[in-house]
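Reader: Hello, I am new to this structure and would love a close look at one part of it. Please take me slowly through the salt bridges, and then show me what lies around them.

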Amino acid sequence: MEKPRVIFLDAVGTLFGVQGSVGEVYSAIANQFGVTVPASALDKAFVKAFASAEPAVFPETDPEEIPQREFEWWWVIASRTFEQVGVLDQFTDFIDFFDELYGHFATAQPWFIYPDVIPALKAWQHIGIELGVVSNFDSRLHLVLKALKLEEFFSSITISTQTGFAKPDPQIFAAALQKHHCTAQEAFHIGDSFQEDYQGAQAARLRAFLIKRKPIT
């Protein structure tokens with residue numbers, strides 16, 4: 001197999017994952033605000049709320065306004081999650097709670113790095129392969145990568161909210177390729193989603209690899 005010029009990687013579910021589950025994080029912080037709700041119920045509600053949301057893309061938006069649009073996008077998902085489990089009205093001030101929750105996910109605390117990631121990144125760097133991230137996350141990804149000490153490995157970070165295109169749209173991959181001045185045939189993409197990562201990269205003519213993560217116990 002010919003060595004690629006660049007390897008792109010997905011972020012959540014590929015480089016790092018959530019400690020425990022999203023529901024556990026939501027439940028723990030809600031408890032700090034006097035609201036008690038089972039993590040398992042929040043997990044189920046979150047999956048439904050997230051799946052029903054429109055892609056987090058904001059075309060023709062002033063770059064300075066994107067962080068606020070991201071905040072509002074996630075606020076809708078969080079409020080729907082707690083509404084579905086019937087506790088939204090138990091918050092004295094949901095905005096205060098959500099501000100804490102949103103900031104928490106911009107830190108290293110709720111995340112863990114998969115054990116194979118750093119050895120692989122170091123090996124690829126050692127043989128001169130450029131590395132980039134292509135993600136449907138939001139602007140907080142820069143903070144998360146820095147907090148997890150992963151930022152130093154990547155020469156590009158391409159995010160759906162900042163490009164106006166979300167995986168599996170081939171145009172987000174095209175935007176990433178432009179940053180490395182290379183063709184799709186010179187690039188690999190690795191991710192954990194069959195539709196967004198594998199099929200999306202293939203549609204953009206990159207060589208695609210699907211990674212199946214097992215839960216860390």
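Author: Gladly; here is the general picture, followed by the salt bridges and their surroundings.

Please keep in mind that this is a predicted model, in which local features need pLDDT of at least 70 and side-chain atom pairs count only at pLDDT 80 or more, while totals for chains, interfaces and linings use all residues. Residues are numbered from 1 along each chain as its sequence is written, and side-chain values use heavy atoms, with hydrogens and water left out.

Let us begin with the whole. The protein has 9 helices and 7 strands. Both are DSSP runs numbered from the N terminus, helices being H or I over at least four residues and strands E over at least two. Along the principal axes, the C-alpha atoms fill a box of roughly 55 × 40 × 25 Å. The radius of gyration is 18 Å, which agrees with the value near 17 Å that a compact globule of 217 residues would have. That radius is taken over C-alpha atoms, and the globule rule is 2.2 Å times the number of residues to the power 0.38. Of the 217 residues, 47% count as buried. Buried means under 20% relative accessible area, exposed means over 50%, and partly exposed is in between, with a 1.4 Å probe and protein chains only.

Now to the part you asked about. Side chains of opposite charge can pair when their charged atoms come close. Here a salt bridge is a side-chain nitrogen of Lys or Arg within 4 Å of a carboxyl oxygen of Asp or Glu. How many salt bridges does a search of the whole structure find? The search finds 5.

A good place to start is Lys167, whose side chain meets that of Asp10 in a salt bridge, 2.8 Å from N to O. This pair links distant parts of the chain, 157 residues apart: Lys167 sits in the loop between α7 and α8, and Asp10 in the loop between β1 and β2 (16-18). Are the two residues buried or exposed? Both Lys167 and Asp10 are buried. The linking goes further, as Asp10, Lys167 and Asp197 are joined in a network of salt bridges.

Lys167 has another feature to look for, a cis peptide bond to Pro168 with omega at about 15 degrees. Pro168 is found in the loop between α7 (160-163) and α8 (170-180).

Another salt bridge is formed by Glu186 and Arg5, with their closest N and O atoms 3.6 Å apart. Again distant parts of the chain are linked, 181 residues apart: Glu186 is in the loop between α8 and β6, and Arg5 is in the segment before β1 (6-9). Glu186 is partly exposed, with a relative accessible area of 26%, and Arg5 counts as partly exposed at 34%.

Asp116 pairs with Arg213, and the closest N and O atoms of this salt bridge are 2.8 Å apart. Because Asp116 lies in the loop between β3 (111-113) and α5 (117-126) and Arg213 in the segment after β7 (207-210), the pair ties together parts that are 97 residues apart in sequence. Asp116 is partly exposed, at 38% relative accessible area, and so is Arg213, at 25%.

Let us return to the loop that holds Glu186, between α8 and β6. His181 has its place in the loop between α8 and β6 (187-191) too. His181 has a positive phi of about 50 degrees although it is not a glycine, and His181 is exposed, with a relative accessible area of 68%. Lys149, also not a glycine, has a positive phi of about 60 degrees. Lys149 lies in the loop between α6 (140-147) and β5 (156-159) and is exposed, at 61%.

Two further pairs are worth finding by their C-alpha atoms. Gln199, in helix α9 (residues 194-203), is 30 residues from Asp169 in sequence and 9.5 Å from Asp169 in space. Ala45, in helix α2 (residues 39-52), counts as buried at 4% relative accessibility. Ala45 and Gln84 are 39 residues apart in sequence, with their C-alpha atoms 6.1 Å apart in space.
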